[in-house]
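Below are a few comments on one helix and one sheet of this model, set out point by point for a colleague who wishes to check them against the coordinates.

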There are 6 protein chains.
Amino acid sequence: MDFLSLDNRLREALREDIGRGDVTTESIVEGTTSEHTCEARIMAKEELVLAGWPVFVRVFELLGPIEVRSQAEDGKLIPAGSTLGCLRGPGHALLRGERVALNLLQRMSGVASLTREYALAIAGTRTRILDTRKTTPLWRDLEKYAVRVGGGVNHRRGLDDGILIKENHIAWAGGIRNAINACVRRSSHLQKVEIEVTNLDQLEEALQAGAEIVMLDNMNVEQVREAVRVSAGRCLLEVSGGVNLSTIRKYAETGVDFVSVGALTHSYRARDISMLFVTLG
Amino acid sequence: MDFLSLDNRLREALREDIGRGDVTTESIVEGTTSEHTCEARIMAKEELVLAGWPVFVRVFELLGPIEVRSQAEDGKLIPAGSTLGCLRGPGHALLRGERVALNLLQRMSGVASLTREYALAIAGTRTRILDTRKTTPLWRDLEKYAVRVGGGVNHRRGLDDGILIKENHIAWAGGIRNAINACVRRSSHLQKVEIEVTNLDQLEEALQAGAEIVMLDNMNVEQVREAVRVSAGRCLLEVSGGVNLSTIRKYAETGVDFVSVGALTHSYRARDISMLFVTLG
Amino acid sequence: MDFLSLDNRLREALREDIGRGDVTTESIVEGTTSEHTCEARIMAKEELVLAGWPVFVRVFELLGPIEVRSQAEDGKLIPAGSTLGCLRGPGHALLRGERVALNLLQRMSGVASLTREYALAIAGTRTRILDTRKTTPLWRDLEKYAVRVGGGVNHRRGLDDGILIKENHIAWAGGIRNAINACVRRSSHLQKVEIEVTNLDQLEEALQAGAEIVMLDNMNVEQVREAVRVSAGRCLLEVSGGVNLSTIRKYAETGVDFVSVGALTHSYRARDISMLFVTLG
Amino acid sequence: MDFLSLDNRLREALREDIGRGDVTTESIVEGTTSEHTCEARIMAKEELVLAGWPVFVRVFELLGPIEVRSQAEDGKLIPAGSTLGCLRGPGHALLRGERVALNLLQRMSGVASLTREYALAIAGTRTRILDTRKTTPLWRDLEKYAVRVGGGVNHRRGLDDGILIKENHIAWAGGIRNAINACVRRSSHLQKVEIEVTNLDQLEEALQAGAEIVMLDNMNVEQVREAVRVSAGRCLLEVSGGVNLSTIRKYAETGVDFVSVGALTHSYRARDISMLFVTLG
Amino acid sequence: MDFLSLDNRLREALREDIGRGDVTTESIVEGTTSEHTCEARIMAKEELVLAGWPVFVRVFELLGPIEVRSQAEDGKLIPAGSTLGCLRGPGHALLRGERVALNLLQRMSGVASLTREYALAIAGTRTRILDTRKTTPLWRDLEKYAVRVGGGVNHRRGLDDGILIKENHIAWAGGIRNAINACVRRSSHLQKVEIEVTNLDQLEEALQAGAEIVMLDNMNVEQVREAVRVSAGRCLLEVSGGVNLSTIRKYAETGVDFVSVGALTHSYRARDISMLFVTLG
Amino acid sequence: MDFLSLDNRLREALREDIGRGDVTTESIVEGTTSEHTCEARIMAKEELVLAGWPVFVRVFELLGPIEVRSQAEDGKLIPAGSTLGCLRGPGHALLRGERVALNLLQRMSGVASLTREYALAIAGTRTRILDTRKTTPLWRDLEKYAVRVGGGVNHRRGLDDGILIKENHIAWAGGIRNAINACVRRSSHLQKVEIEVTNLDQLEEALQAGAEIVMLDNMNVEQVREAVRVSAGRCLLEVSGGVNLSTIRKYAETGVDFVSVGALTHSYRARDISMLFVTLG
């Protein structure tokens with residue numbers, strides 16, 4: 001977990017929630033922030049794949065001296081009702097950080113849990129689950145981390161760390177061959193060239209032009225099976241578009257290398273996690 | 001829409017996605033950023049309540065001179081297949097801003113569309129839908145805006161703009177009466193005092209101590225109905241916890257003032273929106 | 001004291017004063033920053049209500065390891081000539097932080113001391129002193145804290161945490177009734193509605209429309225007394241405008257709930273505090 | 001006026017005041033920010049030396065398209081009741097910027113007006129008024145600008161743009177001679193060396209060691225007169241400490257070059273300026 | 001040129017140079033910033049490959065309204081004494097931006113010119129010049145751009161956009177095979193795997209383990225020639241270490257794909273460029 | 001070393017290099033950042049004057065708990081092959097900080113080593129070496145520090161901490177006398193006035209107008225000698241322009257006070273320094 005870049009966002013998120021102060025707690029509890037030491041237990045209220053525990057703890061560390069008394073590990077499958085961990089620290093800090101920390105942990109565990117569902121759906125095949133760039137703005141690193149935690153593999157992390165020629169690029173370049181040539185000639189020798197195609201003719205053209213990865217866009221299972229047969233290992237193949245939990249296994253059984261699933265990061269459900277104070281200040 | 005605070009986050013989101021440059025487009029298209037003027041059409045691929053169009057446009061404005069050629073209005077119910085609007089501007093800018101702009105627009109429209117579903121479910125009652133603080137960190141303002149667009153009402157926007165006495169506060173204060181007294185005495189005279197109760201005895205105690213809003217936490221419909229009867233207009237009543245689309249109407253029919261629904265902002269589904277280039281540079 | 005949001009401003013203030021370095025000290029004292037440990041005594045050179053001591057200490061903590069050897073408490077009335085506290089730490093850090101730390105402490109104590117004067121002037125009445133938004137930009141939180149320390153009560157902390165309908169809003173809305181109705185209907189159910197009136201007719205209209213707090217703008221004592229009589233507890237009453245130390249008691253004796261005083265934060269006098277080095281490095 | 005460094009502070013000040021939105025105006029006035037064009041007149045409610053008009057206007061420019069219809073000029077003496085200028089722009093922007101803009105303009109005009117009083121008090125002498133580093137943190141540049149506008153001269157703007165050897169430095173260096181030697185040897189050849197002395201013996205020692213400016217700390221008029229005689233033009237002389245409006249002329253008549261007055265920036269009174277809406281949207 | 005990320009650094013660089021103001025110009029020229037329009041001619045005082053002209057212009061645009069009257073193009077070989085371009089704008093802005101703008105343009109042109117020298121030295125071979133990560137912190141994007149302008153090719157732009165297994169990684173992994181396997185298994189499928197080897201045995205082991213690019217570290221020409229023969233096109237080959245302008249051709253003639261040269265960005269010489277005012281305000 | 005202003009730039013530089021993560025190390029080494037403790041030795045691969053060691057260490061401190069086991073001192077002349085110091089800490093942190101830390105240390109030592117060469121070239125004369133404002137944007141403080149470490153003296157650190165009247169100012173002012181008068185009258189009494197002249201007539205005019213420092217621009221040795229004779233100690237003299245290592249001694253022997261050398265900071269060569277892991281995690 002890279003706090004170099006994360007801390008500023010966590011602080012900003014705390015400012016968003018705390019604003020000019022926690023008026024309720026300040027009215028109730030007299031004295032300074034550091035005087036009341038509390039202990040809080042964090043519990044999974046439904047089954048989930050835990051992701052984001054170090055981020056959860058970090059939120060509180062930015063607010064005061066926090067001691068982690070016990071903790072689960074990212075990636076574990078947690079049964080409903082289990083304790084994820086316990087934190088001990090100033091009561092004001094625990095109350096001020098609670099919502100932000102839970103908001104992140106619940107979302108990250110939501111991504112990991114959904115990814116696990118997809119991964120289980122294709123268990124036993126050679127296909128791997130890919131995420132997309134359809135992530136929550138400003139939290140892509142955490143969501144892509146949660147995808148890995150849940151058993152998925154990351155696609156591009158931005159426009160800069162992978163070549164992906166899409167429909168618009170092909171049109172601009174004047175065809176698949178031109179587009180691939182331009183990328184081979186001008187892009188970094190460290191990166192492979194991926195291109196999106198919509199039919200088998202385009203696939204063949206892409207392969208001849210030197211594509212190293214081909215994204216099969218919105219093809220049905222039959223087309224994908226044919227694409228696997230035609231490409232015959234000359235490139236990596238990625239299925240993209242229109243895949244869901246009930247259809248993914250059929251795609252995987254065609255032998256494609258990857259299936260990418262936008263829903264992993266754009267339509268997950270936050271998992272239910274609560275934070276209970278077991279000792280008050 | 002308040003760009004004073006939004007612009008920095010949008011720029012940061014663009015940096016997250018663009019990183020060190022759009023290597024694909026730069027390899028394909030020669031020349032400088034400003035030379036290729038394109039037009040893009042933004043389309044709803046499923047029915048949705050539009051929310052975030054001004055944010056969507058703003059993303060591109062931060063990248064170059066963009067002209068909005070036609071546009072829908074936030075809050076409208078948009079049928080599947082409709083055009084939301086058209087943008088005209090430098091091709092590089094449209095491609096660089098596309099993913100960030102869509103990621104925001106799809107999420108905001110997801111929140112608004114889900115809120116609309118809840119609002120429709122209780123149509124004809126006097127109850128209003130409230131959101132919670134279970135929002136995506138750093139984007140609370142946009143999500144709460146989308147809730148309003150969808151027909152909901154905003155609860156607290158942070159720990160600072162409303163008093164809400166919860167279980168932990170009551171324990172610290174040594175009871176409901178003490179907690180309410182402390183808040184009445186020490187908090188701003190501009191804010192009302194809300195307290196969370198779990199049964200009717202607590203409700204009565206809260207009313208006698210001067211609570212102006214009472215949150216009924218995880219009560220069933222029967223208990224809520226009794227609470228409405230007992231409180232008899234002496235305070236505003238909010239139902240919280242365990243409410244979903246199929247149960248909300250029963251709660252609303254008890255006559256409570258508000259039902260708060262965390263799912264509006266923590267478990268919405270991004271709506272499917274696409275951006276198609278209709279004219280290339 | 002919330003260092004989450006304060007630290008950045010303190011660092012920026014230090015940069016403003018230190019610029020490219022403390023050229024005098026660097027020329028005089030050889031060696032690195034950490035080698036010279038000094039002790040400094042902070043003294044009140046006139047009577048004052050102390051406010052800002054934690055901020056004062058924090059400035060130095062941002063510059064090096066500082067030990068607080070003794071200290072007074074915010075809110076205490078300090079006689080002229082008293083020691084407020086002693087700090088021990090690297091000489092370079094003490095010299096670099098001195099001016100910024102004193103500039104803040106002297107101003108905050110100025111606000112608290114002036115507030116105390118107003119509070120004393122109305123001692124024995126039920127009226128409370130309110131501040132305004134006429135604060136020093138970027139330091140509102142510290143000045144409002146100092147008002148509380150001095151015995152005052154905070155009004156709105158921004159445009160967002162309280163409804164206050166003023167003359168321009170009334171004109172736009174087309175009258176008092178319309179304005180109050182709009183706010184009741186559209187603003188948060190957590191906030192009360194305050195409106196500014198200039199005569200008793202407006203007061204009556206405001207009360208009938210449901211105003212919960214009424215600001216009596218620039219009324220004389222006689223008018224205020226009549227307003228108290230007329231409103232008869234139906235709303236909170238705030239006197240605003242043209243009140244000073246010699247007139248405030250007469251206003252308070254009318255029985256109003258609040259008198260707001262802009263001068264608390266816009267025209268205070270910094271209290272004289274000095275920092276003396278008692279041990280050199 | 002240097003907006004390169006100022007804009008960020010003004011934006012931050014606006015965020016401090018606006019927070020999550022201007023809830024009153026948003027409730028009252030429907031529609032978007034840009035639809036209501038208003039005109040506001042800014043008036044001096046007491047006599048003042050205007051300072052900060054470009055800053056005042058800039059605050060609004062950061063919020064929307066503002067047109068300045070007429071305006072006074074910084075440095076002018078403005079009679080009570082005069083119009084300082086008129087602004088035209090979106091009503092929402094005018095209301096959102098009003099308090100921040102006035103808070104700055106009133107303070108800056110307070111500094112300039114007080115400086116003018118001091119300057120008038122010594123009119124006809126050769127002495128000039130100096131400010132100090134006792135400025136409001138984060139606004140030193142604006143306050144020092146206001147001092148110049150009021151007829152004063154700026155002392156050091158930070159610890160880095162001037163050598164000033166004070167009591168602690170002398171003690172560390174082991175005497176006046178050592179301290180001056182160290183600074184002459186190690187500091188920039190572009191800066192003069194100033195030293196603080198408390199009696200005539202120290203003055204003589206400083207002169208012999210090569211001091212180019214000497215600050216006479218807390219000396220009475222008689223001592224200062226003698227210092228002027230003794231130094232006989234060998235250095236610039238600055239009187240510091242314990243000077244006020246009623247004593248400054250006597251100091252000036254001794255023939256010293258400068259008198260520095262901390263009160264110019266630490267204990268001024270904000271001048272009364274109001275902003276009235278003359279046309280509503 | 002991506003101003004989204006560049007503008008903040010340019011503003012910070014201007015603040016570094018301007019500090020609290022251009023005291024010389026402000027003393028000399030009365031009036032406000034915008035009143036004096038000047039024209040400046042920018043001239044190459046020695047032969048150079050121009051790089052950074054858009055950055056140069058951007059610096060001034062951040063300070064005021066600037067008109068570019070004529071301009072050369074990045075990548076052109078410019079003879080000594082030629083005019084690179086002319087700018088017209090407020091005199092104050094031209095003087096305030098001059099040093100920062102020139103500092104960047106001279107350095108970038110230095111990088112491009114040195115790259116050109118290396119590129120010319122191997123003209124006619126199939127080898128390409130690579131840069132390294134030995135760039136000036138905070139300006140890597142501009143220096144890597146200048147390398148491209150000068151005819152070179154960019155290696156990794158950071159630790160994140162390319163796999164490069166070095167000596168320490170090999171030791172940690174327990175050998176070349178383990179290291180390559182780990183990267184193939186865990187790193188992005190979009191990136192190729194490069195590994196550094198120091199002899200031919202390691203080269204063979206790397207090839208068998210699946211390395212796609214091999215860096216030949218500090219090998220002499222003879223060894224490199226043998227490496228080219230042995231690898232026989234099974235991977236890309238990069239020569240690294242100890243290459244200079246007089247030895248590079250011999251390396252290139254072995255047929256390697258790349259030679260990387262740290263000096264391009266860590267030991268270039270700023271080219272001599274001046275800015276002359278031809279019209280004063 | 002002032003980390004108050006430096007830390008942000010170091011963090012930004014780390015982000016520039018690390019980007020979204022060190023993908024190679026993460027692929028190779030399993031486990032969290034803190035588990036692998038390594039020791040690294042830093043070695044001078046050529047003779048150099050060390051400058052920047054505290055900055056070098058600071059880079060790593062920002063990434064994790066680092067222990068410095070031995071270290072050289074800034075300013076020392078280090079023979080080729082010597083160990084500069086050893087660091088112990090988490091392996092991931094050492095690998096992530098390595099390039100940024102070395103890039104700074106090599107450059108700063110490059111500046112110091114070159115300055116030392118110039119200083120040695122004029123050893124025994126009374127002349128001192130000055131740097132210029134031709135520094136790397138955003139790193140001026142470090143480069144000017146390195147100049148001091150190498151035995152040079154700093155000229156202005158910005159446009160704000162010294163008056164330097166150049167050709168354009170003279171033209172604007174309408175002559176040397178007017179320009180000097182304006183600066184004497186309007187600039188700070190704490191700063192001396194320097195002016196650039198190109199011949200002896202201008203020198204004489206400048207002296208009569210009260211210049212305290214005169215820069216002799218692009219004069220040959222003979223002219224400089226005459227300038228020293230003519231000025232006869234009435235001002236400080238600085239030679240500027242066209243001086244290099246082989247000509248500087250002749251200039252120094254004329255008796256001028258300063259020779260300024262732009263190359264110290266714009267055309268130095270990074271010194272060769274390596275970091276070797278001696279213990280792996």
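1. A helix is here a DSSP run of H or I with at least four residues, and such runs are numbered from the N terminus. With that in mind, the residue that follows α1(A) is Gly19(A), and its phi is positive, near 55 degrees. Please keep in mind throughout that this is a predicted model.

2. Helix α1 of chain A covers residues 3-18, and because a rise of 1.5 Å a residue implies that its 16 residues should span 22 Å, the 21 Å between its end C-alpha atoms agrees with expectation.

3. The buried residues in α1(A) include Leu4(A), Leu6(A), Leu10(A), Ala13(A), Leu14(A) and Ile18(A), but also Asp7(A), Arg9(A), Glu16(A) and Asp17(A). Within chain A, the buried residues of the helix pack against α3 (53-61), α4 (91-121) and α5 (140-149), while from other chains their partners are α5 (140-149) of chain B, α1 (3-18) of chain C and α1 (3-18) of chain F.

4. Chain A also holds an open sheet of 4 strands, in the order β3-β5-β1-β12 and with antiparallel pairing. Its edge strands, each of which pairs on one side only, are β3 (67-71) and β12 (273-279), and the twist from one strand to the next averages 20 degrees.

5. The antiparallel pairing of β3(A) with β5(A), residues 83-90, extends over 4 bridges, and Gln71(A) stands opposite Gly85(A) of β5(A).

6. Helix α3(A) packs on this sheet, where it touches β1 (37-44), β3, β5 and β12 of chain A, and its direction makes about 15 degrees with that of β5(A). Helix α4(A), in turn, lies across β1, β5 and β12 of chain A and runs at about 155 degrees to β12(A).

Conventions
Residues numbered from 1 in each chain as written. Chains lettered and ligands numbered in written order. Predicted model: local features only at pLDDT ≥ 70, side-chain atom pairs only at ≥ 80, totals over all residues. Heavy atoms only, no water. Helix = DSSP H or I, 4+ residues; strand = E, 2+ residues; numbered from the N terminus. Expected span 1.5 Å × (residues − 1). Buried < 20%, exposed > 50% of the residue type's maximum accessible area, 1.4 Å probe, protein only. Contact = heavy atoms within 4.5 Å. Pairing = 2+ DSSP bridges. Axes fitted to C-alpha atoms, helices over the stretch in contact; angles between N-to-C directions.
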